[in-house]
Each structure stands twice: as structure tokens, then as C-alpha cells.
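Reader: Hey, got a minute to walk me through this one? I'd like to start with how the chains meet.
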Amino acid sequence: MDLFEYQGKQYFARYGIPTSPGGVADSVDEAIEQAKAAGFPAVVKAQVQVGGRGKAGGIRLVNNEQEAKEAAEFILGLDIKGHVVKRLWIEHASDIKKEYYASFTLDRNAKLHLAMVSAKGGVDIEEVAATDPEAIKRLHINPIDGISYDQALDLAKSAGIDQEALDGVASVLVKLYECYTLGDADLAEINPLILTPQGKVHALDAKVTLDDAAAFRHPEWDAFRGVSELDGRERLAKEKHLNYIGLEGSVGIIANGAGLAMSTLDVVNQVGGSAANFLDLGGGAGADVMSAALEVINTDDRVEVVLVNIFGGITRCDEVAKGIVDALSSVEMRSPIVIRLDGTNADEGRRILADADLRGVIIEKTMIGAAKRAVEIVDEGASK
Amino acid sequence: MSIFVDENTKVIVQGLTGSQGKFHGLRNKAYGTKVVGGVTPGKGGTDVEGVPVYDSVQDAVAATGATASFIVVPPKFAPEAILEAAAAGISFIVCITEYIPAKDEAMVFNVLRRNYPGTRLLGPNCPGILSPGKCNIGITSGDIALAGGPVGIVSRSGTLTYQALNELSLKGVGQTTCVGIGGDPVPGTTFIDCLAAFEQDPETKAVLMFGEIGGSDEEKAAAFIKENVTKPVVSYIAGVTAPPGKKMGHAGAIVSGGMGTAQAKMDALAQAGVHVARNPTEAGEIMVDIVKGL
């Protein structure tokens, strides 16, 4: 789960990482109140999960109530690269002496945690990595050992952080590591991490991605839900615990396992079709999950045929077949379904489907055969 | 021969009394795997259809001499279960559990690497290992495999592992061992571990390798193949047409350093002399031709 900036800052606060005082506003009136509470000068920031907010006019410095009102009126509803602004974060404006960069993430190669620090913050860090890689200092951290204040201090020194900011940066690094590990974040990034003329170090932005798998030990994450940027269908899929990504084509895809789902997209593409979505049922999907997947796909009017590609392992094909039968008894599918079932209890699954004698359901034996059949159906529809 | 397991491997199932553990543990046993016991704390002394259950891995190992463990427990308990198995002297652990938090996975991997270097973990979030006709530990349906070799399979994604077996078996080409390494960020066993073992295994004459987008394990495997693997390798990388995944912010992009796309992986493999197929069926067809020419 990607957090918005204001959520990331709330999360940082739990781990003692200093941020500017501020608040959230969903309307112009709320924005004026929050700006007054934060104290002028204040910054009004669009809350969208996309880069380049500043360039798009989504961040404004305001000096009084009138300017706060104008800024909120302008930014609320603004379309930033397809993301419409519904919420603002308003905080007291900080004086900036220096801008740094700090982050923690997993280095899959080394199988260790990785800290990155740079004295060149406040700009696109990927650009820095490409043009001046030496400006980013890295430190691998074994999860058994963690990171000590002294190690953090050495890292900050090696990155060329200013003398007066060293203690502040090192202490933020230690806290950010706690936020990353204890807070179960896949990514915890501060860009910029600023030094003020008063010698204070604090986070001016927050980029946090939470590890959904750890949700069971974080009841506090519930507060972050329900405000995501997902469209209606993606939200429905998420509620049903399906891994769904909408695309532009006409073949609705349902498969079990991310690899098989991706491969199904590849094969549909190679036989001349295009996928309307990526949908992975996950492992061990039962009848209810299959039924929910069909329901989600059925709300997409671009879909002209549904391709169900199941290779049972922990998922049992008889359960999948029951789900299809259940779904079709309650939902009227707008398009035919081509099904390929293999693996655990596949014979039983195929028998359940055959016995149910469902209209608009076609069973194919192989993955490539099923993909071809699905694309033929789209082509037949187009020629009518 | 086979890699990592064989017909003599004695296996215990951690979580045998749960519904998934029972279904898959007993199915592995029915396949012919030597499933000698189960472990569920508090249920020692009972049995699951004749398979004795113990309170701890230590008890199970002492009573049965098991050297392998199949872990089928929820994500909350899986990290502890893996470390318990390692501490009890289990040398080969298969963990199929999905949705283990990344921090727990990284911790377990590093504890094994530091304290139990002799223990191999396969997974988590993997389908397991299958040596047709000899041993099946995991959730793969045994009937889709064909005994007798000569192909070794290694695959990252679970269901694509089944697809790989299926493509070969349908064409009458058998397998020595099929290893599903899993697609989680910190897998215990990598492509390279399996490629090295297949290279050493005299009965394996060729290797089928299925990867997918993300990470850089396939690129590393390509470099390894170039230097160390003399046997023919056929690969398929899933995700050529996949939507760009959720980007892990800038830090993630820097770590991967531009690697991780399907094209980058396919190019790296092709340069290492690997036969690169565009889909699983084509990979199977190429492998059939290679096996015919052996």
C-alpha cells in the first residue's frame, strides 16, 4: 500500500521522525482553517500519488488567508497526470538551508536492507543516481544486527552531510530504520530531508510503501485505507482480495498465480489479442474467490470474452469449477467464458462444468488453445 | 538421479493437522514420498491417517530420522517454524506459505545464512520440489510429472512451474527434478543454486528455466550459465506484455539499476547461449527438439 504524503508524515511521527506541523483539508474552508492553525507562511500541497506535483502547480506557498483560499480553490480538483486532487496537506512553511536525501529499502540482490543517503536531495534522485552516482552513499544492513547511531553517523559523514546537520541526520536515519523495519515498510524515503537555518533537521516530504503482507500486525493501518486512488473496479477487486490491474484490451483474464497470469497475457498477445486486465486469484482460491473474480470482470464493458486459466496446485480445480457454476447462477455474464483447467482435481473440475451444462462456457485443454479460442471469439464479434 | 531430494528422503510436515497440511501432506505420501511424521505443538501423540504427530521438530527428528521438512503453516507462524526446523537439524526445508512479511523473510534468510549454513530453504511462497517417481514435497500435483528425465526444471512462479511440467509431460519428455523456487523478494534457493546442482547431476541432460519480470535473479543466472553450465538451457520469461508493476518508489528503481524487465532478462539469457522462448508452449517445443538430438 502506497501512502499519501500526509499519511507518510503521520507514520513518520509514530517513530519520532520530525516533520512540520500541519493538517489535512478536503475543502477550501478546511484549508483556510488548517493554514491558520499551521501559521503563515504556509505551504498548500496536493495529495496525489504521482511525481511532479510542484511543476503542475500542486504546491503553493501562501502568506495570508486570502492566498490560502485561492490556492485551495486552484489545487482542489486539479488534474495532475490523470490524478485528480481531492485532498490537501497544509503545513507551516520551513526555511531551507540545505536539502538531503535518505531512504531504506530491501536490496534483493544482497538480501540485506539498504540505506541510501545523499547530500544532493530535493531533486529527482534517479537523476542523481544516473548522472552522479558517487553522490549517493549506500550501506547494507543485516537485519540481525540493525543499524547503530555510530554507523548512521559514519554514513552521513561519507555522504558529505554538513557538519551542523550530522547529528540530526544520523538520528533521523536510526528512526527511519525503525519505521522501515518495525513499521513493515517496503520503502521509507525522505526527499528532501532538510536542514533549517536554525540547525534543525526534519522531513519535508514522506514516501512510504507498506508491505501488505504485514497488515495482520498493524491495526493502525486501517486508518490509511478507504482513501486510495483506485478506480471503482480496482477497489472492488481489492475488497475481494484479488490482485487486479486494469488494461485496455478486450480479453478478460483470470488466472491463479502472478506468473501464470502474466504468461496468459503474453500468450493472448502473441495470438493476436489484447488483455483487458491482469487478475491473479492468489493461491488456494475457493469457489467464492472465483465467483468474485467473474463479478469484477463482468463490470468491465470492454471485455468481450473471459479467459480463465487455472493450473491447480494449492488451488483445487473442483473448487474453481464450483465458483464458476455459482457465479453463473447469480450473475448474468455479459460475455462468453473460455476455461482451461489443469492440475489438482482437474478431472473433477471439468466434470462439474460439463454436468452443469452452462451456456456460453467453452472448455479448452491447453493454455495456448484457450487463448486462441478466446481471440477467435473477439474476432467473430468484430466481424458481425 | 535427482537434486536436493531422492526416494530415500524422509519428510516431516509442519502443520500436518491443518486442512492444507493434511491434504497436501497425505497427497505427497500417496505419491510415494516418505512422509514419516507431522509436527503440531500440543498435538503430539496423535496421528493423521496413520502418520504420527509430534509436538516439536526436535521430537519428530529424534523419532523418525527425518532430514527434510514441508512447512504448511500460516504466515504469522512460518518464520518461527523455519528456524525451528533448522535448529532441529533439518537440512532441507520446503516452505509453501504465501504472504510472509518481507521483513520476516529477510530476517529468516540471514539467520539461516549466518547460523545454519548447511540448511537449504526452498521458498517461501513456492510450490515445492518434485522428483518424478521418487519424492514430491509441496503442492504440485504429482500426476502432471513424468519420471525418467532427462530434463531438470527450475521455475520462479508457482503455477508456471506446473505449466512447465505439463508442457514437457504432454510431449513425452520426462523430468529428473522440478524445483519451484518461488517469486518472493528473498527466496532461500535461487536459480543459480538449482543450475549448479543440475550441472552436477549426471542424469539431467538439459534444463528448462522459467523466470518472470522483476528483480535481477534471471540476469545473475544468465551470467552463471555463461561461465558454469555446459548443458543446454531453454528459458521463458513471463511478463513481456505485463503492465508495469507497482513501482517501489525511487529507491527501488535505483537498486534494480534498470534490470528487471522481461526484455533485459531475455537479452541476458540469449547472450549466455540460452534458447529463449516467447511462451511456455514454445519453450516445451524447443526442449523436445533438444532432447531428440541428445
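Author: Sure. One term before we start: buried area is the accessible area that two parts lose on being put together, summed over both. Also keep in mind that this is a predicted model.

Reader: Ok, so how much area is buried between chain A and chain B?
Author: About 5100 Å², and carbon and sulfur atoms give 58% of that. On chain A's side, A:R108, A:K111 and A:F311 supply 14% of the area chain A buries against chain B, more than any other three residues.

Reader: And how many residues does the contact take from each chain?
Author: It takes 67 residues from chain A and 63 residues from chain B.

Reader: How many salt bridges are there between chain A and chain B?
Author: Two. In a salt bridge at 2.8 Å, N to O, the side chain of A:D145 meets that of B:R114.

Reader: Which helix of chain A gives the most to the side that touches chain B?
Author: Helix α8, residues 258-270, with nine residues. By class, that side of chain A has 29 nonpolar, 19 polar and 19 charged residues.

Reader: What about polar contacts, how many residue pairs between the two chains?
Author: 18 residue pairs, with both residues at pLDDT 80 or more.

Reader: Switching topic: A:E5, buried or exposed?
Author: Buried, because its relative accessibility is 6%, under the 20% cut-off. A:E5 is found in helix α1 of chain A, residues 5-14.

Reader: Which side chain does A:E5 have a polar contact with?
Author: That of A:R53, at 2.8 Å. Leaving out residues up to four places away in sequence, A:E5 touches several others, including A:K45, A:W89 and A:D205.

Terms used. Residues numbered from 1 in each chain as written. Chains lettered and ligands numbered in written order. Predicted model: local features only at pLDDT ≥ 70, side-chain atom pairs only at ≥ 80, totals over all residues. Heavy atoms only, no water. Helix = DSSP H or I, 4+ residues; strand = E, 2+ residues; numbered from the N terminus. Buried < 20%, exposed > 50% of the residue type's maximum accessible area, 1.4 Å probe, protein only. Polar contact = N/O pair within 3.5 Å; in protein donor to acceptor, adjacent residues only side chain to side chain. Contact = heavy atoms within 4.5 Å. Buried area = accessible area lost by both parts, 1.4 Å probe. Salt bridge = Lys/Arg side-chain N within 4 Å of Asp/Glu carboxyl O. Nonpolar A, V, L, I, M, F, W, Y, C, P; charged D, E, K, R; others polar.
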